[in-house]
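The following exercises are to be worked with the sequence and the coordinates at hand. Each task is followed by a solution in steps.

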Amino acid sequence: MSQTANTMNGMTLEHIAAVCGGIYVGAEADKTREVTGIVRDSHEVLPGNLFVCIRGARVDGHHFIPAVFEAGACGVLAEQEVAHAAGPYIRVASTLEAIQKIAAAYRRELGIKVVGITGSVGKTSTKEMIASVLQQKYHALKTQKNYNNEIGLPFTIFQIRSEHQVAVLEMGISDFGEMHRLAAMAQPDICVITNIGLCHLEHLGNRDGILKAKTECFAHLAPDGTAVLNGDDDKLGTLTTVNGKPAVFYGIGKSADDLTDKSVYATDVESIGLSGIRARIHNGAESFCVTIPLAGKHNVYNALAAVCVGEAMGLTAWEIKQGIENVSAIGGRSHLIEKDGVTVIDDCYNANPVSVKASIDVLAEAPGRKIAVLGDMGELGENETAFHAMVGEYFREKGIDVLLCTGELSKELAAAARLASPSTQVFHVKEKHDICHQLAQIKKPGDTILVKASHFMKFEEIVTFLTAEQ
């Protein structure tokens, strides 16, 4: 992540050492020097940066200390004594714990609003939608790449500068306690939870466990903060108040049978295929029509969350509408790529049963022949085979022409799809390269190909094959 040239106001080496409980080693004159940024990648060091030495599975950041000083680093954060250091360093017991303390301290000193986003599905798309809306009025910073965990979030916070007026921070977890640590850094003014779905069950057990883990963020919500929740989610719908304040709910449709009283809701939802979806959004006494340039009903929910946040941040209906209609998909998440007459739906960043079903729905809207390329879904716990079979059963009456899949668990998906949808040609192959070989044989102009699996399957290699110059 690139750094701006201006400094992190008030973050001197002396102050950084104090907030993280570190020991400053170096010249007295350097103590009051403000850092221009905090980075963990030695290739990204710019003059005045503080370099964080992180020990990884393959690389130890301490090995790069001489190089980062040569590149102009003003200091390093290290877990050991630095012999013959070319500049000052701060020694700590754990650099990972230290950066979290530094991020929390820096966040407290910033005069900025923070929107924290979590949920089982749709965090990144919702983050993009909210940021697009807020950028109509404010200078907003948003989480980049997958910098949403205990290592990534601090470095996202370190990107905030004096010109930013709001930060939109994604918070991803896989176990209990992680959200406490993330939210302690983010200290959100608005918490958005998109849904409570089926993911990370290996650690969290069931949806009640997921709800408990996700809502740890409320312990660090600002005293006058707002919780924005999906009112159509049966688990979130039970949270009528958060920290003694009514939650703000959103959803599709509104009736007396709803679990919650939705402040913002959509009607007249209409798919326009892969081009997106139209809807009328109601916000109190006013309503407006909007065209969401991303396919799939799930993106209506993402837009509704953005309306709630925009309303809370004082945007007009016109500004909110403009933000929604100008949002863009990002790589790996329902990103459409056209190549040689073939449309590739690149949705390979991650997968769970809810998100895969949503992607199948998007594929079903496509014209021409529809090909689904699916792989294993991870961290689903003891019922992982049943969840894969459930996805296979979802092919029933979806009109998908071909299913290609690989992975041990996806054998269950393929078997269930064969039974549920006899008109779908179903293939389960051993390796990714077998999928690529088969695609090379069968793909033709007019096809739409969905590529989706959990991140560990590395299905981006299939996307690269489909979109590379032949």
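**Exercise 1. Identify the residues that line the second largest cavity of this predicted model, and classify them.**

Solution. Step 1: the lining is made up of Ala351, Val356, Leu374, Gly375, Met377, Val391, Leu413 and Lys452. Step 2: sorted by type, these residues comprise six nonpolar, one polar and one charged. Step 3: the space inside this cavity is about 30 Å³. Step 4: the search of the whole structure returns two cavities of 30 Å³ or more.

**Exercise 2. Describe the surroundings of Leu374, and decide whether this residue is buried or exposed.**

Solution. Step 1: Leu374 belongs to strand β19, residues 370–374. Step 2: its relative accessibility is 1%; because the cut-off for a buried residue is under 20%, Leu374 counts as buried. Step 3: with residues up to four places away in sequence left out, the contacts of Leu374 include Val356, Leu413 and Lys452, and these three are also among the residues lining the second largest cavity. Further contacts of Leu374 include Phe395, Leu403, Cys405 and Phe459. Step 4: Leu374 and Phe459 are 85 residues apart along the chain, and their C-alpha atoms are separated by 8.7 Å.

**Exercise 3. Place Ser355 in the structure and list its contacts.**

Solution. Step 1: Ser355 is situated in helix α11, which spans residues 353–364. Step 2: a relative accessible area of 11% makes Ser355 buried. Step 3: apart from neighbours within four places in sequence, Ser355 touches Val121, Asn350 and Lys452. Lys452 is likewise in contact with Leu374.

**Exercise 4. Determine which residues of helix α10 are buried, and what covers them.**

Solution. Step 1: in α10 (residues 317–325), the buried residues are Ala317, Glu319, Ile320, Gly323 and Ile324. Step 2: they lie on the same side of α10, because the arc they cover around the axis is only 160°. Step 3: the elements covering them include α4 (123–134), β15 (277–283), β16 (286–292) and α9 (298–312).

**Exercise 5. Characterise the second largest pocket by its volume and its lining.**

Solution. Step 1: this pocket holds about 380 Å³ of space. Step 2: 14 residues line the pocket, and the closest to its centre are Arg40, Asp41, Ile54, Gly56 and Val59. Step 3: the lining divides into seven nonpolar, four polar and three charged residues.

**Exercise 6. How many disulfides does the model contain?**

Solution. Step 1: the criterion is a pair of cysteine sulfur atoms within 2.5 Å, and by this rule the count is zero. Step 2: for Cys20, the nearest cysteine sulfur is that of Cys53, 13 Å away, and Cys20 is in no disulfide. Cys20 is buried, at a relative accessible area of 6%. Step 3: for Cys191, the nearest cysteine sulfur belongs to Cys217 and is 3.7 Å away; Cys191 is also in no disulfide. Cys191 counts as buried at 1% relative accessibility.

**Exercise 7. Examine the phi angles of His84 and Asp340, and locate both residues.**

Solution. Step 1: most residues other than glycine have a negative phi. Step 2: His84 has a positive phi of about 55°. This residue sits in the loop between β4 (75–78) and β5 (89–91), and at 83% relative accessibility His84 counts as exposed. Step 3: Asp340 has a positive phi near 55°. Its loop connects β17 (335–339) and β18 (342–346), and Asp340 counts as exposed at 52% relative accessibility.

Key:
Residues are numbered from 1 along each chain as its sequence is written. This is a predicted model: local features need pLDDT of at least 70, side-chain atom pairs count only at pLDDT 80 or more; totals for chains, interfaces and linings use all residues. Side-chain values use heavy atoms; hydrogens and water are left out. On a 1 Å grid over the protein atoms alone, a cavity is a set of points where a 1.4 Å probe fits but cannot get out, and a pocket is an open set with protein on both sides within 12 Å along at least five of seven lines; lining residues have an atom within 4 Å of a point. Grid points are joined across faces, edges and corners, and a volume is the space filled by probe spheres set on the points. Ala, Val, Leu, Ile, Met, Phe, Trp, Tyr, Cys and Pro count as nonpolar, Asp, Glu, Lys and Arg as charged, and the others, Gly among them, as polar. Buried means under 20% relative accessible area, exposed over 50%, partly exposed in between (1.4 Å probe, protein chains only). Helices (H or I, at least four residues) and strands (E, at least two) are DSSP runs, numbered from the N terminus. The arc is that of the directions from the helix axis to the C-beta atoms. Contact means heavy atoms within 4.5 Å.
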